[in-house]
Amino acid sequence: MRDAGSEGGADAVALRGRRILLVIAGGIAAYKCLDLIRRLRENGAHVRCILTAAGAAFVTPLSVETLAGQAVYTDTLALTGESEIAHIKLGQEADIVVVAPATADIMARMTHGIADDLATSTLIAADKPVLVASAMNTRMWQHPATERNRARLEADGVSFVGPNDGPLAEGESGPGRMAEVPEIVAAIVDVLDAQPGPLAGLRVLVTSGPTYEPIDPVRFLGNRSSGKQGHAIAAACADAGADVVLVSGPTAEAAPAGVETVRVETAAEMLAACEEGLPADIAICAAAVSDWRAAAPQDQKIKKPRRGKGRGDAGLTLELAENPDILATLSTPGPKRPRLVIGFAAETEDVEANAAAKLAAKGCDWILANKVAEGAVFGDDENLVHLLTRGAGDGAPGVEQWLRMSKAEVAARLVQRIADALPSGTETA
Ligand code: C5P
């Protein structure tokens, strides 16, 4: 069964997983930023905020960090050791920087490359698209200095949304009102849409969830895989601009928006759907494929033998046949082999040694190994993984230990590693 992925609206598709750095400067319109943060997060974006000293006169750090769901960056924090490099890190870890409300003052400092606080230092260090939502008194907006600054910033590639015409806080009316939240959200989407994602032009095949192997029409062999990690990876690849086909076993997870999802039940169906999904540049096998299936599934429900006097436990012997190994099949050298094949391994001990053995046995390029001994992974929202990458020739694999993080973060980090390893935009063979 195929579906195109219908969850969420257009904004949710464009914003899901995107990292937005919001610089809140000192204007009365700062209060609208609280709603802006809420809207962006509702649409699946990650929002980090820098609150300028003047901004903190209008909204409190507590309000901002409560809505953003993470600590707010202020100049006070910038004095601490951790954030000495915050102005570099914040820009690097964002997909877009939004300045709202952008006062005449911050526009002037941006125009001249002044870096006298965390906000302006971050803005001058950021190599990401910048969107400015100006808000100020009409006369300030129409002053030749502000007009010059706006033109200069536009020439530097900065985008603007608003300001709108209407009543201002000072009781006057005219251009200067900050754009409304839906307009700012739409402008963010437009700016992001114009940026090619790091996996643009690449086709990715992802397997996810368990497989169900029928014993008879009502019973099956299966496992507890939730599909959360595989679905998060498919969503993250799509967010990064890839063309994604997700082959999913039975799960409660919704089909991610913007992903072609093929629903299957058995390992044989999963393999067939994967082969149909080729050619692909990258294959990521996150499914927990049942190793065995019933050798002869019955067309009718298997009846329990009647118990009667003198009859013992009749029992039932089920003959099993081995299922195809989808990861090993996709890893087989040949013209259809994706350039990068990634498998998963759930290990309870000797994670690195066991995962290294699996890497060699399956013939894939990378293994993401879950350490299942330190807590449940199936169904959990978090994951603790090691990434093993095949070494050159017979060399030992490279090993990275990732900290415990959410499955969405594992997916985002994997996308980043793939983008570093494969140049995007290359034609699929
Ligand atoms: O051998 P094991 O099941 O531990 O290997 C796990 C990896 O192999 C996962 O990436 C899983 O998706 C893949 N696999 C597969 N087909 C199978 C068994 C496992 O693709 N029949």
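Author: Let's start with a term: two residues are in contact if their C-beta atoms, placed from the backbone, lie within 7 Å. Keep in mind that this is a predicted model.

Reader: Okay, so which residues is C237 in contact with, leaving aside its neighbours within four places in sequence?

Author: C237 touches L199, V204, V206, A242, V244 and V415 under that rule. C237 also belongs to the largest nonpolar core, which has 64 residues. Within that core, C237 and V204 touch the most other members.

Reader: And what lies apart from that core?

Author: Another core does, made of 60 residues, including L15, A94, V161 and I188.

Reader: How much of the protein chain is buried?

Author: Of its 429 residues, 45% are buried. As for contacts with a separation of 6 or more, 73% of them link residues 24 or more positions apart.

Reader: Now T332. Is T332 buried or exposed, and why?

Author: Here you count neighbours: a residue is exposed if 12 or fewer other C-beta atoms lie within 10 Å of its own. T332 has 11, so T332 is exposed.

Reader: Where in the chain is T332 found?

Author: Look at the loop between helix 13 (326–331) and strand 17 (340–347). Leaving aside neighbours within four places in sequence, T332 is in contact with R337 and G363. T332 and C364 are 32 residues apart in sequence, with their C-alpha atoms 8.3 Å apart in space.

Reader: How many helices and strands are there altogether?

Author: The protein chain has 15 helices and 22 strands. Its C-alpha atoms fill a box of roughly 95 × 55 × 40 Å along the principal axes.

Note on methods: Residues are numbered from 1 along each chain as its sequence is written. This is a predicted model: local features need pLDDT of at least 70, side-chain atom pairs count only at pLDDT 80 or more; totals for chains, interfaces and linings use all residues. Helices (H or I, at least four residues) and strands (E, at least two) are DSSP runs, numbered from the N terminus. A residue is buried if 20 or more other C-beta atoms lie within 10 Å of its own, exposed if 12 or fewer, and partly exposed in between; C-beta atoms are placed from the backbone. A nonpolar core is a set of buried Ala, Val, Leu, Ile, Met, Phe, Trp, Tyr and Cys residues joined through C-beta atoms within 7 Å.
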